[in-house]
Amino acid sequence: MPVSRIAIGSPAEAGQPDAIRAAFAEFFSMIIFVFAGEGSGMAYSKLTNNGPATPTGLIAASLSHAFGLFVAVSVGANISGGHVNPAVTFGAFIGGNITLLRSILYWIAQLLGSVVACILLKSATGGMETSGFSLSPGVSVWNALVFEIVMTFGLVYTVYATAVDPKKGNVGVVAPIAIGFIVGANILVGGAFDGASMNPAVSFGPAVVTWSWTHHWVYWVGPFIGAAIAAIIYDNIFIGDDGHEPLSSNDF
C-alpha cells in the first residue's frame, strides 16, 4: 500500500465546520447503536431475572445489534460516512480515505457516545449494570483475539466493498443493511465465546461505567488488526492506484 495515501491532516482541520459536524454525527450514531445493542442485553437480563445465557438471548443480541447498526450507519452516512466504530475509522485511515486528525476526532466522539449511552441506560433502568465484554470459560485471550481479528476483518471488508469502493455503484444503497447484517451474523458466531465486539467503542462504554478492564485490550487490538488487514487487502487488490479517490484538499 503506497504510504502517500496515508494523510496526517492539518491541526486546523479540527476547527472546520464539516469536521465538527462529522464528529457530532459519530457521537449521536454511537449513542443510538450502543443504547439499542447494550440495552437489549439489559432487557434480556431483566426478563430472565439475570438468568444464564441462552441461544434465544444470542439471537436477540444479534438482531438488536444488526438493526441498531443499520440505523446508526444510515443516519450518519451523509455527514460522517457512518463509521460508528473506531476500527472502521482506522481501516478508512489505513486506506487513505480519512486523515489521522479527523480519525482522532471520530474516535473521541465514538468513545464519548458509547459512554453516554451506557450512563443513560444505567440511569433509565434504575441502576442496572451495563454488561461488559468478557471471555467465556475455556476461551483464552488468544482465542478471543483471533475471533475479533476475523470478525472485524469481515466487517471492514464489507464496509470497503459496499461503501468505500468507487466502483460500488448501486451496491452503495444497501451498504448500511449489509454492514448491519455482517455484525449480526458475527455475533451469532462469536457471541458465545467473547461477546463478539468488533468495535472498541462498544467495549469501552460498559468498561468505563462498570470500571471493569479485564482483557479489555483484546477488544482494541483484535479489531484494529482485522480492520487494517481488510483495508490493505481490499484497497490494493480491488481498488488499486487507478481507482483510488484522493482525499479532498480540505482534509490536509
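**Starting point**

I call a residue buried when its relative accessible area is under 20%, exposed when it is over 50%, and partly exposed in between. The model I am reading is a predicted one.

**Entry: salt bridges**

I looked up Asp-165 first. Its relative accessibility is 4%, so I count Asp-165 as buried, given the cut-off of under 20%. The side chain of Asp-165 meets that of Lys-167 in a salt bridge, 3.3 Å from N to O. Lys-167 has a relative accessible area of 53%, so this residue is exposed.

How many salt bridges does the structure hold? I find two. The other one pairs Arg-102 with Asp-18, and the closest N and O atoms are 3.1 Å apart. It links distant parts of the chain: Arg-102 is in helix H4, Asp-18 is in helix H1, and 84 residues separate them. Arg-102 counts as buried because its relative accessibility is 10%. Asp-18 is partly exposed, since its relative accessible area is 33%.

**Entry: the largest nonpolar core**

I went on to the largest nonpolar core, which has 51 residues. Which of them touch the most other members? I note Phe-33, Leu-69, Val-84, Phe-90, Leu-155 and Met-198. The elements that give two or more residues to this core are helix H1 (17–47), H2, helix H3 (86–94), helix H4 (100–124), helix H5 (141–164), H6, helix H7 (200–210) and helix H8 (218–243). H8 gives the most, with nine residues.

I then followed Phe-33. Leaving out residues up to four places away in sequence, Phe-33 touches His-65, Gly-68, Leu-69, Ala-72, Val-84, Asn-199 and Val-202. Two names in that list, Leu-69 and Val-84, I had already noted among the core residues that touch the most other members.

**Entry: positive phi**

Next I checked backbone angles. Most residues other than glycine have a negative phi. Val-84 has a positive phi, near 50°, and is not a glycine. Where is Val-84 found? I place Val-84 in the loop between H2 and H3. Is it buried or exposed? Val-84 counts as buried, because its relative accessibility is 1%.

Asn-49 also has a positive phi, about 55°, although it is not a glycine. I find Asn-49 in the loop between H1 and H2. With a relative accessible area of 68%, Asn-49 is exposed. I put the two loop residues side by side: Val-84 is buried, whereas Asn-49 is exposed.

**Entry: Thr-89**

I looked up Thr-89 in helix H3. Its relative accessibility is 0%, so Thr-89 counts as buried. What is Thr-89 in contact with, beyond its neighbours within four places in sequence? I list His-83, Ile-98, Ser-103, Tyr-106, Trp-107 and Gln-110.

**Entry: nonpolar surface patch**

From the core I turned to the surface. A nonpolar patch of about 740 Å² is made by Ile-32, Phe-70, Val-71, Val-75, Val-171, Val-173, Val-174, Ile-177 and Phe-181. Helix H2 (55–77) and helix H6 (175–194) are the elements that give two or more residues to it. H2 gives the most, with three residues.

I picked Val-75 as an example of a patch member. Val-75 is found in helix H2. It is partly exposed, because its relative accessible area is 46%.

**Entry: the UniProt record**

I opened the unreviewed UniProt entry. Its annotation "transmembrane region" covers residues 20–37, 57–79, 100–121, 141–160, 172–193 and 217–234. I compared two of these stretches with the model. Residues 20–37 are 100% helix and 0% strand, and the end C-alpha atoms are 26 Å apart. Residues 172–193 are 86% helix and 0% strand, with the end C-alpha atoms 32 Å apart.

**Entry: Trp-211**

My last look-up was Trp-211, in the loop between H7 and H8. Trp-211 is exposed, since its relative accessible area is 62%. How far apart are Trp-211 and Gly-132 in space, C-alpha to C-alpha? I read 9.1 Å, for two residues that are 79 apart in sequence.

Terms used. Residues are numbered from 1 along each chain as its sequence is written. This is a predicted model: local features need pLDDT of at least 70, side-chain atom pairs count only at pLDDT 80 or more; totals for chains, interfaces and linings use all residues. Side-chain values use heavy atoms; hydrogens and water are left out. Patches are made of residues with over 30% relative accessible area and no salt bridge: like charges are joined within 9 Å, nonpolar side chains (Val, Leu, Ile, Met, Phe, Trp, Tyr) within 5 Å. Accessible areas come from the Shrake-Rupley method with a 1.4 Å probe; for residues, only the protein chains shown count as cover. A salt bridge is a side-chain nitrogen of Lys or Arg within 4 Å of a carboxyl oxygen of Asp or Glu. Helices (H or I, at least four residues) and strands (E, at least two) are DSSP runs, numbered from the N terminus. Buried means under 20% relative accessible area, exposed over 50%, partly exposed in between (1.4 Å probe, protein chains only). A nonpolar core is a set of buried Ala, Val, Leu, Ile, Met, Phe, Trp, Tyr and Cys residues joined through side-chain atoms within 4.5 Å. Contact means heavy atoms within 4.5 Å. UniProt positions are given in the numbering used here, feature names are shortened, and annotations may be inferred rather than shown by experiment.
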